[in-house]
Amino acid sequence: MLYYLFEYLDKTLNIPGSGVFQYITFRSALAVILSLMISTIFGKRIIGFLRNQQVGETVRELGLEGQNEKAGTPTMGGLIIIIATLIPVFLFTKLNNIYIILLVVTTLWMGTIGFIDDYIKIFKKDKQGLKGIFKVIGQIGLGLIVGSVLYLHPGVTLRNEQNKTITFNQKENVISPMAAEEKSTATTIPFFKNNEFDYAELLAWTGEGYENWAWLVFIPIVIFIITAVSNGANLTDGIDGLAAGTSAISVVALGIFTFVSGNIIFSSYLNIMYIPNSGEMTVFIASFVGALIGFLWYNSYPASVFMGDTGSLTIGGIIAVLAISVRKELLIPLLCGIFLVENFSVVLQVSYFKFTKKRFGEGRRIFLMSPLHHHYQKKGYHESKIVTRFWIVGILLAILSIVTLKLR
């Protein structure tokens, strides 16, 4: 909203200094500062409210050291992340930008699913929460919306920097591309030169006009990615500070991708896709990172609040939509490697247990406990050490992901 106010002050009233709001970097700086202030200052009040409402965590008996001490700790702290993210977004972004609209819808959609799940666990005293099938239906519903909008909306276009020239307009003092914007289901394959791949090519065997059916591939892929990443974030949220910290690291890397992909000069220099209007997501990301870091003020060990599914499902959904929007979804296994490993450890554990039970009459386990962070807890590592080491791995994965911009 403030963006439009300052745009009016600049273009209509010509008030000096008001034009600074046109810069994504300036608005991103304001967004991260405000979200940090909201999450740290008002976070304490939200935690107090949750405590007064007896919104406490019910901890299952998992045989982990210090587990019982966490019983009663306020949960649903994801509300802090959601509020601290959306307020700066509404103030500092172009609200008519299709990518911002998608991210706001994703935040509210996944936040609602997580909130319902936490509500059932706490107030209905059902430890299972929202049935898995309903969670999946919600994730599929969001995937359908996001996939359909990205495929059909006229504002979602790209220009392939590898196949266009750049001209400098001396009169307007701007750099402009010669190639026209186009609708495309192309994405980026990391570590390869000429690394654009169009999902429509998977249907080339059907004959002429196969491009018109690209949605048959693109939308299911979007649904799968949103479901997988949101579940991965949910599984990672098991010990104090783990999900929030690793997510913040991944989102910072995505912020770099959105900034360079939405900038004609940088995208041309890096020889990557130029995605018009995608740079606006950088402001959303700045707000989101500030909210995550502010939440860590209270969620670091020993946690004063847990994010619950309200936060973890929202985080996963946002990361997935960001990666898809900036055409870097094939980087998710690397960028969100922590989520992937946590997810994979559960799948391996359950599959191996069922297989050995059927084969040998008794179930056997690969890990002492899954997800993976609980395996290290069982081995005697302190929560803080596990979290710190996971953060270090997350930083390395983020750096490797950023390096793919030039290392091909």
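**Helix 4 and its ends**

I began at K125, which comes just after helix 4 and takes a positive phi of about 55°. I keep in mind throughout that this is a predicted model.

From there I went back along helix 4, which runs over residues 98-123, and looked at its other end. N97 caps the N-terminal end of helix 4, with a side-chain oxygen placed 2.9 Å from the backbone nitrogen of Y99.

I then asked how the span of helix 4 compares with what its 26 residues should give. At 1.5 Å a residue the expected span is 38 Å, and since the end C-alpha atoms are 37 Å apart, the two values agree.

**Q139 in helix 5**

Next I looked up Q139, which sits in helix 5, residues 132-152. Is Q139 buried or exposed? Its relative accessibility is 1%, and because buried means under 20%, Q139 counts as buried.

I wanted to know which side chain Q139 meets in a polar contact of 2.8 Å, and found that the partner is the side chain of S230. Leaving out residues up to four places away in sequence, I noted that Q139 touches M110, I113, I226, T227, S230, N231 and L313; S230 therefore appears both in this list and as the polar partner, going by contact as heavy atoms within 4.5 Å.

**R327 in a loop**

I turned to R327, which lies in the loop between helix 10 (308-325) and helix 11 (332-335). R327 is buried but has no salt bridge, and the nearest side chain of opposite charge, that of E329, is 6.2 Å away. A salt bridge needs the charged atoms within 4 Å, so at 6.2 Å E329 does not make one with R327.

What I did find for R327 was a backbone partner: a polar atom of its side chain lies 2.8 Å from the backbone oxygen of A186. Setting aside neighbours within four places in sequence, R327 is in contact with V156, L158, M273 and I275, and also with S184, T185, A186, T187 and T188.

**The chain as a whole**

Finally I stepped back to the whole chain, which has 14 helices and four strands. Its C-alpha trace spans about 75 × 55 × 35 Å along the principal axes.

I checked the radius of gyration as well: a compact globule of 408 residues would have one near 22 Å, and the chain has 22 Å, which agrees. Buried residues make up 50% of the 408 residues. Of the contacts between residues at least 6 apart in sequence, 73% join residues at least 24 apart.

Terms used:
Residues numbered from 1 in each chain as written. Predicted model: local features only at pLDDT ≥ 70, side-chain atom pairs only at ≥ 80, totals over all residues. Heavy atoms only, no water. Helix = DSSP H or I, 4+ residues; strand = E, 2+ residues; numbered from the N terminus. Buried < 20%, exposed > 50% of the residue type's maximum accessible area, 1.4 Å probe, protein only. Lys, Arg positive; Asp, Glu negative; His and termini not counted. Polar contact = N/O pair within 3.5 Å; in protein donor to acceptor, adjacent residues only side chain to side chain. Expected span 1.5 Å × (residues − 1). Rg over C-alpha atoms; globule rule 2.2 N^0.38 Å.
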